[in-house]
Amino acid sequence: MLDLTTPSLLFSAISLILLAYTNRFVSYAEVVRALKESHQKNPDPRNLQQISNLRTRLYLIRSMQILGIMSLLFCVISMFFIYISWQIPAAWIFGMALVLLAASLCVCIWEINISVKALEIHLQDIGSK
């Protein structure tokens, strides 16, 4: 049996996750701007690899944010259904909110793996010296 506090427990967790995703996005945006400027001044094939990598990561962050926001929205809808005593739809919608949150976290893992590859590209020249 769900009560109003069950979906509301996810509010703080989802909010913190969304804040972390936004911080990642902002830092990547700064890197993209700096890399573009650097590449225009001194073209380097590694910059093109990094730009491609960053583009992919930005799209993944957007997906992470959308899934997290949808999870929060489904929690709110679930709370509304609990409020009007529609327990079965509330339980299903809350379950979907959990699935969306899990999907967001899985995309985050995917994005972290791509971030590691970007650092490997960046460090290639150090290993060859």
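In which helix does N113 lie? N113 is in helix α3, and the views below start from this predicted model and go through its helix pairs and several single residues.

**Figure 1. N113 in helix α3 of the predicted model.** The residue N113 is partly exposed, its relative accessible area being 45%. A second residue gives a sense of distance along the chain and in space. V26 is 87 residues away from N113 along the chain, and the C-alpha atoms of the two are separated by 19 Å.

**Figure 2. Helices α1 and α2 side by side.** Helix α1 covers residues 5-41, and helix α2 covers residues 45-83. The axes of α1 and α2 come within 9 Å of each other, and the crossing angle is roughly 160°. Angles over 145 degrees count as roughly antiparallel, so α1 is roughly antiparallel to α2. The crossing in which α1 passes α2 is left-handed. Sorted by class, the residues in the contact of α1 with α2 are 23 nonpolar, 10 polar and two charged.

**Figure 3. Helices α2 and α3 side by side.** Helix α3 covers residues 87-122. Its axis and that of α2 come within 8 Å and cross at roughly 165°. This angle makes α2 roughly antiparallel to α3. As with the previous pair, the handedness can be stated: α2 passes α3 in a left-handed crossing. The contact of α2 with α3 contains 25 nonpolar residues, 12 polar residues and four charged residues.

**Figure 4. Helices α1 and α3 packed at an angle of about 25°.** The axes of α1 and α3 are 12 Å apart. Angles under 35 degrees count as roughly parallel, and α1 and α3 are therefore roughly parallel to each other. α1 passes α3 in a left-handed crossing. On the α1 side, the contact is made by T6, P7, L10, I14, I17, Y21, R24 and Y28. On the α3 side, it is made by F94, L98, L101, S104, L105, C108, E111, I112 and S115. By class, 12 of the residues in the contact of α1 with α3 are nonpolar, three are polar and two are charged.

**Figure 5. N53, a buried residue of helix α2.** The relative accessible area of N53 is 10%. Buried means under 20%, which is why N53 is placed in that class. Not counting residues up to four places away in sequence, N53 touches I114, K117 and A118. One of these residues also takes part in a polar contact: the side chain of N53 reaches the backbone oxygen of I114 at 3.4 Å.

**Figure 6. Q50 and its contacts.** Q50 lies in helix α2. With a relative accessible area of 11%, Q50 is buried. Neighbours within four places in sequence are left aside here; beyond them, Q50 is in contact with L35, A118, I121 and H122. A118 is also among the residues that N53 touches.

**Figure 7. Y59, a partly exposed residue of helix α2.** The relative accessibility of Y59 is 47%. Partly exposed residues fall between the cut-offs of 20% and 50%, so Y59 belongs to that class. Y59 and L101 are 42 residues apart along the chain. Their C-alpha atoms are separated by 17 Å. L101 is one of the α3 residues in the contact with α1.

**Figure 8. Q40, an exposed residue of helix α1.** The relative accessibility of Q40 is 57%. Exposed means over 50%, so Q40 counts as exposed. Q40 and S27 are 13 residues apart in sequence. From C-alpha to C-alpha, the distance between Q40 and S27 is 20 Å.

**Figure 9. S85 in the loop between α2 and α3.** The relative accessibility of S85 is 57%, and S85 counts as exposed. The backbone is also of note here. Most residues other than glycine have a negative phi. In S85, however, phi is near 65°, a positive value in a residue other than glycine.

Conventions:
Residues numbered from 1 in each chain as written. Predicted model: local features only at pLDDT ≥ 70, side-chain atom pairs only at ≥ 80, totals over all residues. Heavy atoms only, no water. Helix = DSSP H or I, 4+ residues; strand = E, 2+ residues; numbered from the N terminus. Buried < 20%, exposed > 50% of the residue type's maximum accessible area, 1.4 Å probe, protein only. Polar contact = N/O pair within 3.5 Å; in protein donor to acceptor, adjacent residues only side chain to side chain. Contact = heavy atoms within 4.5 Å. Axes fitted to C-alpha atoms, helices over the stretch in contact; angles between N-to-C directions. Parallel < 35°, antiparallel > 145°, perpendicular 65-115°, else oblique. Left-handed = near helix turned anticlockwise from the far one by under 90°. Nonpolar A, V, L, I, M, F, W, Y, C, P; charged D, E, K, R; others polar.
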